[in-house]
Amino acid sequence: MNKNTILGYATLLMIIMALLLIGLGAFKYDDVAGWGFVAVGVGFLAIAWVFNALKGRM
């Protein structure tokens with residue numbers, strides 16, 4: 001596996017994890033903890049976006 005394949009898998013895993021965290025924050029936790037889950041999920045999406053942008057440039 002080369003670097004682009006590894007970055008692709010990392011991007012996919014981070015997107016899945018981000019969606020799970022956002023789903024937990026939106027549907028399971030109705031108090032302040034839900035906002036934390038959503039914030040971390042959005043952060044995971046931002047990092048996945050950076051990983052996707054790095055594919056082919058490293």
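Among contacts in the protein between residues at least 6 apart in sequence, what percentage join residues at least 24 apart? The share is 54%. The legends below walk through this predicted model, from the overall fold to single residues.

**Figure 1. The whole chain, with two helices and zero strands.** Welcome to the overview. Taken along the principal axes, the C-alpha atoms fill a box of roughly 45 × 15 × 10 Å. The radius of gyration is 13 Å, whereas a compact globule of 58 residues would have one near 10 Å. Buried residues make up 16% of the 58 in the protein. The accessible surface comes to about 4300 Å², and carbon and sulfur atoms account for 74% of that area.

**Figure 2. Helix α1, residues 3-28, and its buried residues.** This helix has 26 residues and reaches 36 Å from its first C-alpha to its last. That is close to the 38 Å expected at 1.5 Å a residue. If you would like to pick out the buried residues of α1, look for L7, T11, M14, A18, L21 and G25. They pack against α2, which spans 32-54.

**Figure 3. A closer look at T11 in helix α1.** Is T11 buried or exposed? T11 is buried, because its relative accessible area is 8%, under the 20% cut-off. Leaving aside residues up to four places away in sequence, T11 touches A48, F51 and N52. One of these, A48, is itself among the buried residues of α2.

**Figure 4. Helix α2 and the residues it buries.** From its first C-alpha to its last, α2 reaches 34 Å with 23 residues. The expected value at 1.5 Å a residue is 33 Å, so to speak a close match. Which residues of α2 are buried? They are G34, G41 and A48, and what covers them includes α1. Just after α2, do stop at G56, which takes a positive phi of about 90 degrees.

**Figure 5. A nonpolar patch on the surface.** Here the view turns to M1, I6, Y9, L12, I16, M17 and L20, which form the patch. Together these residues have about 760 Å² of accessible area. One of them, I6, lies in helix α1. I6 counts as partly exposed because its relative accessibility is 45%, which falls between the 20% and 50% cut-offs. For contrast, T11 of the previous close-up of α1 is buried, at 8%.

Note on methods: Residues are numbered from 1 along each chain as its sequence is written. This is a predicted model: local features need pLDDT of at least 70, side-chain atom pairs count only at pLDDT 80 or more; totals for chains, interfaces and linings use all residues. Side-chain values use heavy atoms; hydrogens and water are left out. Helices (H or I, at least four residues) and strands (E, at least two) are DSSP runs, numbered from the N terminus. Buried means under 20% relative accessible area, exposed over 50%, partly exposed in between (1.4 Å probe, protein chains only). Contact means heavy atoms within 4.5 Å. Patches are made of residues with over 30% relative accessible area and no salt bridge: like charges are joined within 9 Å, nonpolar side chains (Val, Leu, Ile, Met, Phe, Trp, Tyr) within 5 Å. Accessible areas come from the Shrake-Rupley method with a 1.4 Å probe; for residues, only the protein chains shown count as cover. A salt bridge is a side-chain nitrogen of Lys or Arg within 4 Å of a carboxyl oxygen of Asp or Glu. The radius of gyration is taken over C-alpha atoms; the globule rule is 2.2 Å times the number of residues to the power 0.38.
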